[in-house]
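Welcome! Open your viewer, get your selection tool ready, and let us take a walk through this structure together.

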Amino acid sequence: MADNLDEGTGMTDYSAITVTPLTPGMGGVISGVDLTRPLSNLEVEELHRALEDRLVIFFRDQPIGHEDHKRFANYFGGIHIAPSTKPWQAPGHPEITVMHADGDSTFVAGEHWHSDMSCDPEPPLGSVLYLHTVPPYGGDTAFANMYAAYDALSDRMKAHLEGLTAVHDAVLGFGGITPEGMVLPRSSHPVIRTHPTSGRKGIYVSKSYTTRIEGIPEAESEALLAYLFDHIKQPLFQCRFSWAPHSIAFWDNRCTQHSAIWDYFPQVRSGYRVQILGDAPF
Ligand code: SIN
């Protein structure tokens, strides 16, 4: 049992922060911190624990600037600058990606289930998304727990997937969108990855980026991927976050997938994302 857990509400009081769960399986809304200011060592240590427990953590009413955003990300590691997001870098801040949709948009970033930039050889550990402008309703982000999705597989399927690798390709991820200056990486990663700090296994293929399981016949790869893409979408593995202006979501890309729900066209949804350096999946 976590320290100071209220069994009725699921809220956990650490020393400096409070975590209110979104669902039993994942997601926690953090209160008690102000991200427009530097954090104490205790707050940072507790946020690391909260992320490890909840896989994605959320903050409300945090009107952060670009420097606050980068400082927060740096409590968890260096900043990952994905080559493929260059066309959307904030002016003067290559570490920050502009995330914007409005009535002129023909696509939105991250609409289909994925783990961010899994096409990169060392995909980001996590992503910190801040939205300052959101539609009056809609525009939620859905998250899915890849540990739970792995745990729910049969032992036979787990054994079958062990040791397999798959190709993750930005050409698929970006759906044919190739603005000038865009680099489209392709990488091979384990189908089942082990989280470097928790040691737990999770599914690491996604409909957005994964084109093929390597070393098996193409038809077998297609059938297995179709099964896994469908399997990870089960509501039991998920939580869903409803945004308000100045909310922040911080997710661990190594054990979650997410999908940005574009149900608000032609309304505006706008903000910034920073990603944190990760390792090659194993
Ligand atoms: C993303 O995939 O990083 C975008 C998530 C969102 O806009 O909700």
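What follows is a tour in a few stops, each with something to select and something to look for. Keep in mind that this is a predicted model.

**Stop 1: the ligand and its pocket**

Select the ligand and show it as sticks. Where does the ligand sit? It sits in the largest pocket, a space of about 740 Å³.

Now colour the lining of that pocket, which is made up of 35 residues. F107, V108, A109, G110 and E111 are the ones that lie nearest the centre of the pocket, so centre your view there if you get lost. 

By class, the pocket lining holds 17 nonpolar, 14 polar and four charged residues.

Next, switch to a cartoon view and look for the helices and strands around the pocket. At least two lining residues come from each of β7, β8 (126-133), α5 (170-173), β17 and β18. Which of them gives the largest share of the lining? That is β7, with five residues.

**Stop 2: the shell around the ligand**

Zoom in and select the residues around the ligand: M99, A109, G110, H114, D116, L129, T141, W251, H258, A260, R269 and R273. You can colour this shell by class, and you will find five nonpolar, four polar and three charged residues.

Now look for oxygen atoms on the ligand and try your distance tool on these three side chains:

- T141: an N or O atom of its side chain is 2.6 Å from an oxygen atom of the ligand.
- R269: a polar atom of its side chain lies 2.8 Å from a ligand oxygen.
- H258: here the distance from a polar side-chain atom to a ligand oxygen is 2.9 Å.

Is the ligand buried or exposed? Taken alone, the ligand exposes 260 Å², and the protein buries 98% of that. Turn on the protein surface to explore this for yourself.

Two elements give two or more residues to the shell: β17 (256-260) and β18 (269-276). Keep β18 selected for the next stop.

**Stop 3: the cavities**

How many cavities of 30 Å³ or more does a search of the whole structure find? The search finds two.

Begin with the largest cavity, which holds about 60 Å³ of space. To see its lining, select H80, I81, A82, T85, Q89, P94, E95, T97, R273, V274 and Q275. The elements that supply two or more of these lining residues are β7 (93-101) and β18. Sorted by class, the lining has four nonpolar, five polar and two charged residues. You may recognise R273 here: it lines this cavity, and it is also one of the residues around the ligand.

Move on to the second largest cavity, with a volume of about 30 Å³. Its lining is S115, M146, I203, Y204, V205, N253, R254, C255, T256 and Q257. Five of these lining residues are nonpolar, four are polar and one is charged.

**Stop 4: two backbone details**

For the last stop, hide the side chains and follow the backbone. Most residues other than glycine have a negative phi, and most peptide bonds are trans.

Select F265 and P266: the peptide bond from F265 to P266 is cis, with omega near 5°. P266 is placed in the loop between β17 and β18.

Finally, select L55, in the loop between α1 (41-54) and β4 (56-59). L55 is not a glycine, yet its phi is positive, at about 75°.

Key. Residues numbered from 1 in each chain as written. Predicted model: local features only at pLDDT ≥ 70, side-chain atom pairs only at ≥ 80, totals over all residues. Heavy atoms only, no water. Near = heavy atom within 4 Å. Polar contact = N/O pair within 3.5 Å; in protein donor to acceptor, adjacent residues only side chain to side chain. Areas by Shrake-Rupley, 256 points an atom, 1.4 Å probe, with all protein chains shown as cover. 1 Å grid on protein atoms, 1.4 Å probe; cavity = no way out; pocket = protein on both sides within 12 Å on 5 of 7 lines; lining within 4 Å. Sits in = over half its atoms within 2 Å of the grid points. Helix = DSSP H or I, 4+ residues; strand = E, 2+ residues; numbered from the N terminus. Nonpolar A, V, L, I, M, F, W, Y, C, P; charged D, E, K, R; others polar. Points joined across faces, edges and corners; volume = space filled by probe spheres on them.
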